[in-house]
Amino acid sequence: MKKEVLLTVRGDKVEVDSGVESVQLICKTTVFLPKDAKVEWKDMKNRKVHVYENGSDQPEEQEQDYRGRTKMNEDLLKTGDLSLTLKHPTESDTNTYTCTLYNQQGNILMKKEVLLIVRVHKVEVDSGRESVQLPCKTLVQVSKDIKVVWKDKYGKVHVYENGSDQPEEQEQDYRDRTKMKKDLLKTGDLSLTLKYPTERDNSTYTCTVYSREGNILMKKEVELKVRVQKLEVDSGVESVQLPFKATGNLPEDTKVEWKGKYGKVHVYENGSDQPEEQEQAYRDRTKMNEDLLKTGDLSLTLKHPTDGDTQVYTCTVYSREGNILMKKEVQLKGYGGLETIQLPQSGQVT
């Protein structure tokens, strides 16, 4: 009786950037491959990524996430090349994949592990910036009938289809805050500009390009982190200043609104403060500079801070028509020891 020998191959590590068309997980063997050999690729959750049996692929055995995304060489039994091609890899595909070779009796002839790491482009920006760009460029030739969809984990951020933007398909939070380049079909630059980024925009954004038939041509992820200025002060201090310095001209009809998680903290409109619009807890406790429109110093002084004031504050600047000109967040933290306070970040007014 012939004795089967299990050949275990040391694993490889493959690293690629999100946005590549495909990645190959290498697995080659010198073991004789009978016609009835079975090859099975699995991920570390024991999910079937790709199955080859009885001389052909078995797509019905794949996990749904891998359907239509995997490919093996047609002549693998002759060449011994059991490598797997995975299309449009994203961060969620970062995993350890195992290639297992079986004979007809189900005995393992060979096993190999490959670690795949998909690197995601990271963009960091300070709260208070007018906008941030999420980069996405393609080398694939794009036709007039392509569809581009930017999404976050909750829904659609921006949709481009039939040669124009489709704002009605966006989630409400992104309405009037996103923009793509007009000549994207010529340049292949599918980058997205997101206006007035705040901490709540921290997410991984996915740019997916579809053909007219709905096939995926490209997929890329970009991770956005909006840094929020943090302040820490000692308990019992007389006041604390939430800094915000704008550069640019502020018209006389500018409206400035500071808000916290419970409502309006301070409102400046029509050239003066509007104390009647404040939440009761902030009455007689807030102050802004009198000449703020000339200096661009929109900082807010909060008197007699308490633990109840520990939260994120948002300063929003509006035009007369109600359009947002800029936005910045400042986080007021607990009262341990006095910590070095970062210098205020500058915003821009257009």
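A polar contact is taken here as a pair of N or O atoms within 3.5 Å, of which, within protein, one must be able to donate a hydrogen and the other to accept it. In the predicted model, such a contact is made by Asn103, whose side chain reaches the backbone nitrogen of Asn107 at 2.8 Å. Asn103 is found in the loop that runs between β8 (95-102) and β9, and, with a relative accessibility of 7%, this residue counts as buried because the value falls under the 20% limit.

Strand β9, which spans residues 108-119, contains Val114. Val114 has a relative accessible area of 1% and is therefore classed as buried. When residues up to four places away in sequence are left out, Val114 touches Asp12, Val14, Leu25, Ile26, Trp41, Asn95, Thr96 and Tyr97. One of these partners, Ile26, is separated from Val114 by 88 residues in sequence, whereas the C-alpha atoms of the two residues are 7.5 Å apart in space.

A further buried residue, Arg285, lies in the loop between β24 (272-273) and β25 (286-288), and its relative accessible area is 15%. The side chain of Arg285 takes part in polar contacts of two kinds: with a side chain, that of Asp309, at 2.6 Å, and with the backbone, where the oxygen of His304 is reached at 3.3 Å. Both Asp309 and His304 also appear among the residues that Arg285 touches, which, not counting those up to four places away in sequence, are Thr301, Leu302, Lys303, His304, Pro305, Thr306 and Asp309. With respect to Ser127, which is 158 residues away along the chain, the C-alpha atom of Arg285 is separated by 25 Å.

At the level of strand pairing, the model contains an open sheet of 6 strands, arranged in the order β10-β18-β17-β12-β13-β14 and with mixed pairing. The edges of this sheet are formed by β10 (121-126) and β14 (164-165), each of which pairs on one side only. At the β14 edge, the neighbouring strand in the order is β13, which comprises residues 156-161 and runs antiparallel to β14, the two being joined by 2 bridges. Within this pairing, Glu161 stands opposite Ser164 of β14.

Note on methods:
Residues numbered from 1 in each chain as written. Predicted model: local features only at pLDDT ≥ 70, side-chain atom pairs only at ≥ 80, totals over all residues. Heavy atoms only, no water. Helix = DSSP H or I, 4+ residues; strand = E, 2+ residues; numbered from the N terminus. Buried < 20%, exposed > 50% of the residue type's maximum accessible area, 1.4 Å probe, protein only. Contact = heavy atoms within 4.5 Å. Pairing = 2+ DSSP bridges.
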